There are 2 protein chains.
Amino acid sequence: MKLNENYSQLKESYLFSEVARKVGAFQAANPDKKVIRMGIGDVTLPLAQTVITALHKAVDEMGTAATFRGYGPEQGYDFLRTAIKDYYKQAGVEIDIDEIFVSDGAKSDIGNITDLFSKDNTVLVPDPVYPVYVDTNIMNGRNMLYMDGNAQNGFLPMPNKNVRADIIYLCSPNNPTGACYTKAQLKEWVDYALENKAVILFDSAYESFVSDKELPRSIYSVEGAKKCAVEFCSLSKTAGFTGLRCGYTIVPKTIESEGLSLNKMWLRRQTTKFNGVPYIVQRAAEAVFSEDGIKETRAMVAHYKQNAQIIAKTMEETGTRYFGGINSPYIWFECPYNMDSWSFFDFMLDKIAVVGTPGAGFGKNGNNFFRLTAFNSRENTVEAMERFKSLTK
Amino acid sequence: MKLNENYSQLKESYLFSEVARKVGAFQAANPDKKVIRMGIGDVTLPLAQTVITALHKAVDEMGTAATFRGYGPEQGYDFLRTAIKDYYKQAGVEIDIDEIFVSDGAKSDIGNITDLFSKDNTVLVPDPVYPVYVDTNIMNGRNMLYMDGNAQNGFLPMPNKNVRADIIYLCSPNNPTGACYTKAQLKEWVDYALENKAVILFDSAYESFVSDKELPRSIYSVEGAKKCAVEFCSLSKTAGFTGLRCGYTIVPKTIESEGLSLNKMWLRRQTTKFNGVPYIVQRAAEAVFSEDGIKETRAMVAHYKQNAQIIAKTMEETGTRYFGGINSPYIWFECPYNMDSWSFFDFMLDKIAVVGTPGAGFGKNGNNFFRLTAFNSRENTVEAMERFKSLTK
């Protein structure tokens, strides 16, 4: 057989393995030091009580003949799709139930949706970028274009009329920069996509961190988006589902090209290559959207947002230029002392035993930036920031 | 953007929707008749008690800060991969832990692995065939070849030296025919693959139904297979996990082509486009492989196998030629009265209110055959077979 040679074009991803290696070496050399990890974007709080109760109930159903469930609909049970539809409605966005596809997470869908496009598309991604957008398209052999995110544009690159792209990835609130597009900015992107017959793949995994009422939590709050945008969302950060695995993707029925419907193609892809999310997990997800579920999970988000505020305040106090941290769990700051991001990583680990993520791991525009996450205990966050202050004195 | 035009080459899959439509119409016209469904290959028994206990325990862990788990390894937790390794070892097959990839089911992996091959491969599938093998390759635009399964070869097609194929799909015990390759037959396939530098994608989802000690439950019990075969397995039928979703795929490190390692490519694919199976489901899967778990789930399989025997005995009593049913939950029989499979479907539904799956849904060689499944209650199976006897009198 012939293997897919595009795989040999992939860059080895050393980011998190290199971080782990360095932290391991440091800890071995300094066994008495307490390392505080603010690198990986993984939640730390346990699942909400409402979710746990729903899981136990669903597990019992699976243990009883009368209530046992085998294969479910690949695109998700109606009880969950209805809950998601209502969640959007509360935010003022109307979505049809058959535009909602439940999945095991945004990463899977963001990767798998590339199946639906021909090789001959030009892909536009921001730099810094969540590496999955790039790697999944390299696997398909597509031409990639990068647009600069930088301090000048607040890490929110805008359309360039001289650039012709077919598939555009946007993530807002952004990973890794924490920057968040306004509705007016997203409108410019939608207009660009409609004019260029492009599709926007919109990653809204961090929407629950948006507290500013003026900022959009869904691209569909922008007129015209249902004709050009697919939206990926997840309960990973909204409800701490990183280990439970449930997301959802909105593929509007109004996106078509040369007689093919993207919604129908995605339905076909999912029914052919996927067998749905576990019933018990779908019941857990349904519980997230209940009144108590929303209350409990929003309290979890509030906890992380308060951590983000503590980090942001520290950046201000130390005169460190930063982005994000208000409508996002990520703080993206300029490395002090003009250091590059890997040097700063070593410096911070060595001096104060705090771990973050070097911006270089997200692209060339991250070379002098650094990502810290708010996913931690209050105690660790406060302690890490006290240490940080000593670092920049 | 340009959509993947290969999708327009897919045939609409009317099989199960057409079955559902006909059954619905029949039930509406005959509201007093009890329809017995033996069509869809979905389990009916609830999860084993050991599995339920493991699920509750894992759910509690997820509700407590000290034991909560976020992102896990994409390829599965070591505790489960070790259990799978040991399960193979008990069957006399040695697999390295990093050759084992835990997934949400065999269908996902069988579909997704096509990512790893270039478009320029010739794919060989049996007819009758599980449609996923065909559709996933049509989506990639690959050339398809079919090999005849028929009554003469017992629905076990063997390699033809005049046919050059790069990717070969084998399913044993087979869906839909229930036929099972011997070790000597699989050896011929392995030899063919090695000679042609082809890869065998071996679907062993029904391995737990093999009770004949001489028949292979893994292709790796055949010498040379680790150089040319990927094996897909699932707990769907082994332990009734169709609604819980867990499978595993073995990608040997010894499969290479032009400097690329299939194992490394699959690891990269999974870490890029997948985030692993829920922790609680992996704990449930681990419980399946425990001593009690094996005992309880084998009892479930035995229940279905006894149903299969009842169906097989009925075929013998009515002089109906059939395949499968011994080392498989499927009975594949020749339609009585020289009927084609859809006519027989209508006839059986109309006369005795029993639903099966027309063989035509699996390819042209199924036109005069019919599939019944053993996934049912004893009572329903017995009643359906009593009715069947009246049909052929």
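Colleague: Hi! Which residues of α9(A) meet which ones in α11(A)?
Modeller: From α9(A), N307(A), I310(A), I311(A), T314(A) and E317(A) take part, and they meet R378(A), T381(A), V382(A), M385(A), F388(A) and K389(A) in α11(A). Two residues are in contact if their C-beta atoms, placed from the backbone, lie within 7 Å. This is a predicted model, where local features need pLDDT of at least 70 and side-chain atom pairs count only at pLDDT 80 or more, while totals for chains, interfaces and linings use all residues. Residues are numbered from 1 along each chain as its sequence is written, with chains lettered from A and ligands numbered from 1 in the order in which they are written.

Colleague: How does that contact of α9(A) with α11(A) divide by class?
Modeller: It has 5 nonpolar, 3 polar and 3 charged residues. Ala, Val, Leu, Ile, Met, Phe, Trp, Tyr, Cys and Pro count as nonpolar, Asp, Glu, Lys and Arg as charged, and the others, Gly among them, as polar.

Colleague: And are α9(A) and α11(A) roughly parallel or antiparallel?
Modeller: Roughly parallel, a label for angles under 35 degrees. The axes of α9 (residues 291-317) and α11 (residues 378-391) of chain A come within 10 Å and cross at roughly 10°. Axes are lines fitted to C-alpha atoms, for helices over the stretch in contact, and angles run from 0 to 180 degrees between N-to-C directions. Helices (H or I, at least four residues) and strands (E, at least two) are DSSP runs, numbered from the N terminus.

Colleague: New topic: which residues of α7(A) are buried?
Modeller: L262(A), M265(A), W266(A), R269(A), Q270(A), T272(A) and K273(A) are; buried means 20 or more other C-beta atoms within 10 Å of a residue's own. They fall within an arc of 165° seen down the axis of α7(A), so they line one face of the helix. That arc is of the directions from the helix axis to the C-beta atoms.

Colleague: What covers those buried residues of α7(A)?
Modeller: The cover includes β2, α4, β9 and β10 of chain A, along with α4 and α5 of chain B.

Colleague: So how many residues of chain A are in contact with chain B?
Modeller: 65 residues of chain A, with 65 residues of chain B. α2(A) gives the most to chain A's side, with 6 residues.

Colleague: Last one: where is V43(A) found?
Modeller: V43(A) lies in the loop between β1 and α2 of chain A, and it is buried, with 24 other C-beta atoms within 10 Å. Beyond its neighbours within four places in sequence, V43(A) is in contact with K237(A), G240(A), T242(A), F375(A) and G70(B).

Definitions and conventions:
Parallel < 35°, antiparallel > 145°, perpendicular 65-115°, else oblique. Buried ≥ 20, exposed ≤ 12 C-beta atoms within 10 Å, placed from the backbone.
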